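Got your viewer open? Load the model below and keep the selection tool handy.

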Amino acid sequence: MRPTRQEIDDEIVERAAALFARYGFQETSLQRIADAVGYSKTGLLHRFPTKEALQDAVIERWAGKVRDIAGRVRDLPPGPERDRAVITELVDLALRGPGVVSLLLAALSSLETGEVAVRLKTVTEGLFEAFAADTEDSPRAIRVGAALGALAVMSLATRDAPAAAVREQLIA
């Protein structure tokens with residue numbers, strides 16, 4: 001069965017997210033992305049007309065997922081129950097797409113500059129909103145940031161393990 005257009009685009013965005021996180025937006029070439037997904041540069045440009053369009057797709061996809069999570073937990077009061085609900089959703093997201101989690105690390109670490117940094121900041125703010133954490137509340141912001149960083153690193157470190165074997169440990 002042939003993959004659908006959406007499945008192909010999802011794979012491109014996932015691989016691009018991992019490459020952008022690893023090398024940065026500026027240092028990731030369209031050719032590198034094309035090679036990673038098994039397309040020619042021309043074929044990739046047929047789906048995403050510019051590198052900026054692909055960057056936008058990656059950031060918007062992640063920002064959309066974060067907004068969805070924040071919306072689902074909005075009615076829960078801040079605290080352990082809400083935190084666990086957000087972490088559970090992020091773990092499930094990480095197990096489905098480690099490239100997006102790599103991008104999370106880039107967003108949290110502020111390695112990017114310029115317009116990309118501004119767009120990634122909206123992702124970070126969405127994550128803090130999901131946790132009902134004020135970025136000005138230093139101790140809570142540090143704990144949330146540390147938990148997200150640990151989740152990102154561990155989900156990448158365990159990406160070759162069966163999801164069922166690591167899901168509960170990552171949530172814990």
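What follows is a short walk through this predicted model, one selection at a time.

**Stop one: helix α1.** Select residues 5-23, which make up α1. Put a distance between the C-alpha atoms at its two ends and you should get 27 Å, in agreement with the 27 Å expected for 19 residues at 1.5 Å a residue. Now colour the buried positions: among them are Ile-8, Ile-12, Val-13, Leu-19 and Phe-20. The buried set also includes two acidic residues, Asp-9 and Glu-14.

Zoom in on Asp-9. Its relative accessibility is 12%, so it counts as buried, the cut-off being under 20%. Which residues does Asp-9 touch, leaving aside those up to four places away in sequence? Show Arg-47, Phe-48 and Arg-61 and you have them.

Next, slide along to Gly-24, which follows α1 and has a positive phi, near 90°.

**Stop two: a charge over a ring.** Select Tyr-23 and Arg-32. The charged end of Arg-32 sits over the Tyr-23 ring, 3.7 Å from the ring centre.

**Stop three: an odd backbone angle.** Most residues other than glycine have a negative phi. Select Ala-132, though, and you'll find a positive phi of about 55°. Where is Ala-132? Look in the loop between α7 (114-130) and α8 (138-157). Ala-132 is partly exposed there, with a relative accessible area of 32%.

**Stop four: salt bridges.** Side chains of opposite charge can pair when their charged atoms come close. The model has 10 salt bridges in its count. Start with Glu-60 and Arg-67, whose closest N and O atoms are 2.4 Å apart. Both ends are partly exposed: Glu-60 has a relative accessible area of 44%, and Arg-67 has 46%.

Then select Arg-84 and Glu-168, which meet in a salt bridge at 4.0 Å, N to O. Arg-84 belongs to α5 (residues 80-96) and Glu-168 to α9 (residues 163-171), so this pair ties together parts 84 residues apart in sequence.

Add Asp-92 and Arg-167, another salt bridge, with the closest N and O atoms 2.5 Å apart. This pair also links distant parts of the chain, with Asp-92 in α5 and Arg-167 in α9, 75 residues apart. Asp-92 is partly exposed at 22% relative accessibility, and Arg-167 is partly exposed at 27%.

For the last view, keep Arg-84, Asp-92, Arg-167 and Glu-168 on screen together: these four are linked in a network of salt bridges.

Note on methods
Residues numbered from 1 in each chain as written. Predicted model: local features only at pLDDT ≥ 70, side-chain atom pairs only at ≥ 80, totals over all residues. Heavy atoms only, no water. Helix = DSSP H or I, 4+ residues; strand = E, 2+ residues; numbered from the N terminus. Buried < 20%, exposed > 50% of the residue type's maximum accessible area, 1.4 Å probe, protein only. Contact = heavy atoms within 4.5 Å. Expected span 1.5 Å × (residues − 1). Lys NZ or Arg CZ within 6 Å of the ring centre and 35° of its normal. Salt bridge = Lys/Arg side-chain N within 4 Å of Asp/Glu carboxyl O.
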